[in-house]
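Please examine the model shown here before reading the exchange below.

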Amino acid sequence: MIFHRRMNHSRPVIKPQILVSIAIKNLLAKRLRTFLTVIGIIIGIGAVVFLVSLVVGLHAVVNQQVIGSKSVSSIDVTTPNDTIILLNDTNVNKINQFAHVTVVAPAYILAGKISYQGSQSDTVVYGTDNQYISLSALKFEAGQHSLKTADEAIVNTSLLDLIGQMNPSAAINQKLTVQSTITTVDGTQKTVTSDLNIVGVVNTGAGAEVYMGSQTFANAGAYQYGQLKVLADNRKNVPVVRQLIEGLGFTTSSPLDTLSQINTIFNIFTFVVIGFGGIGMVIAILGMFNTLTISLLERTREIGLMITMGARKADVQRLLVIEALLLSIVGCFGGIFSAWFLGQVINIFLTHFANSKGVPGAIHAFSVTPMLVLITILLTFVVGFIVAFYPSRRAGRINPFEVLRNR
Amino acid sequence: MKNILPESSTKQNQAYPKKDSKPLISVTDLNKQFNLKSGQIEVLHDINFSIPEESFTIIFGPSGSGKSTILNVLSGLEQPTQGRVIIDGQDLYGLDADQRAYFRAHTIGIVHQDNYWMNSLNVLENVAMPLYLAGSPRESALAVALDSLRRVGMDSYKNYLPTVLSGGQQQRVSMARALVATPKLILADEPTGDLDSKNGQMIMDLLLYFQRELKRTIVLVTHNLEYLPLSDNQLYILDGKIMAAQRNQKQLITMANTLSAQIAALSKMEDEAQK
């Protein structure tokens, strides 16, 4: 047949932009219902995004606080028994030879006393080098970030508190005497006294700490380090390097351990939050489904009419899918924007509050990341299609003869 | 009920003789049954006829006679139980539903007794809808739709919602919509049924204009015998059967009136007998 031959070629169909335009007009024809449905979706999606952004933001804040600027490729090495497994130069050289190891930075960690303007306090003394200081990711408050000569020292703010020097900048170039006790290779203990010039101040927590050059202790006969910091060539190789070092009998730890624990906790937290937010989402989906189904029931004659005018089953189904997607998209972007806006307001409030209490910097407790936005949009599209499935299938089964006859 | 038809009005009159034009519609051995809970009901029985191109045909008969069902079968909306419907050389029910929809969009314009609209669209876009569905771009579809509205004198109402128009105005817009895709065939199902005589006459004038000036083939279903003289051909349907098919209106009207009167009398007699 002539017509069959014509049909085998791709037939012109209604332009997608016209279907979108009709779908928009259909939705606007029932403004209140559409508005309420969209509000429902905004609340549902907004709730999920808001709660997840809180988890993401808190996760980042916790990571920042715990890991700080430490390299996740660094490994801390200590000995479980300093009489049997020695953390000495021989083993440092062995570790330096391992594959994927780029830096090995040893440090003597000793108990000591400081004398400052006649007063004395206990302290922990780190005899080390600049690589160790660098890998420790210390937070400098004043002065230089490295040691240049053997008589220079970097101290922490806790130490300044102990000696009554509250201002970090004023402590620079102040003189300090440090006495520390080392153990020599024959087991005897020896006191090493150093007169040092404070060149830097760091903020490292509660106890008093002094960082000074390691050469002083090496020259005095100290033969064993308290800790090594080892840097792997990249994050992926950290487990391999750790395995090699542990093979020598040492104990290792890494910021990755902490990260992994934090991630586990926050992953669980995320699921819980999605569960709670999901309740709102399910209600929004049911609202959307209800709107589309009622809309279909109201428009069976319109759909019958479309078919009598030449609409294909697919055209009718696409119209309903587009209506569902329009509801979803508007609700999705509205929800994301609302969650972002509310999060920003709370972030600003928290930052002001924290700053007023002396905590510097901005606080991002809510973080709407691009990935979160992308996943939400994709999820919304999927939901839109699923919700439209039943009404559109039903629309495709409408018999125009039946619906136009039963006026 | 006994058969009151004269022998001469049955088999040999069921198809039009081809006069001077090739047939646009050819219906052969058409039967239609509806399945109801109470059983099957036969609404069309052994229907055979053909309709020439560019003609004006009226299908008439009393309510429930099956004339609207014939129209729905011709429009491709109601699959017959048996028989073939050839329109413009195409076996209509040899096509699947989507192919029929496409065929309908290009070949058939339908005017319903009741006015059905896309309620969210204005008059112009409602009229453009068949063109949209046939794949026309928006601007050209709207331009053609405006032309079509102009033909029925409704272009000044293009931005109105159709539902705010009067019955007669809606019917004129409906005819503009039926005409917009330049279909060869226009099927009209009692388009004057809900209108007063003035608006009814206006619609009939438009149908005649479509046939005579625009060279369309018109098939009109009505129970109003006043319109018979306007048509070229007539089909008289009673109880799902073609009782008469004529080109001579006067003879047909007389026969239809006689038959209707006989049926009414017979029904009355049967009712009284039952009492």
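The following questions and answers treat confidence, the contact between the chains, and selected helices.

This is a predicted model, in which local features need pLDDT of at least 70, side-chain atom pairs count only at pLDDT 80 or more, and totals for chains, interfaces and linings use all residues. Residues are numbered from 1 along each chain as its sequence is written, while chains are lettered from A and ligands numbered from 1 in the order in which they are written.

Visitor: In which helix of chain B is confidence highest?
Guide: Confidence is expressed as pLDDT, the predictor's value for each residue from 0 to 100. The mean for chain B is 82, with 83% of its residues at 70 or more. Helices are DSSP runs of H or I of at least four residues, and strands are runs of E of at least two, numbered from the N terminus. Confidence in chain B is lowest in H7(B), residues 249-274, at a mean of 66, and highest, at 94, in helix H3 (residues 123-133) of chain B.

Visitor: Over which residues of chain B does pLDDT stay under 50?
Guide: Where pLDDT is low, the predicted coordinates should not be read in detail. Two residues are in contact if their C-beta atoms, placed from the backbone, lie within 7 Å. The stretch in question has 26 contacts beyond four places in sequence in the model, and pLDDT stays under 50 there, over residues 1-19 of chain B.

Visitor: Which helix gives the most to the side of chain A that touches chain B?
Guide: The contact takes 30 residues from chain A and 32 residues from chain B. Helices of chain A that each supply at least two residues to this side include H1 (2-8), H2 (16-29) and H12 (313-356). The most, six residues, come from H11(A).

Visitor: How far apart are the end C-alpha atoms of H12(A)?
Guide: The expected span of a helix is 1.5 Å times one less than its number of residues. H12(A) has 44 residues and should therefore span 64 Å. The model agrees with this expectation, as the end C-alpha atoms are apart by 64 Å.

Visitor: At roughly what angle do the axes of H3(B) and H4(B) cross?
Guide: Axes are lines fitted to C-alpha atoms, for helices over the stretch in contact, and angles run from 0 to 180 degrees between N-to-C directions. The axes of H3(B) and H4(B), the latter covering residues 138-151, come within 8 Å. Among the residues making the contact are B:Val127 and B:Leu131 of H3(B) and B:Ala145 of H4(B). The axes cross at roughly 115°.
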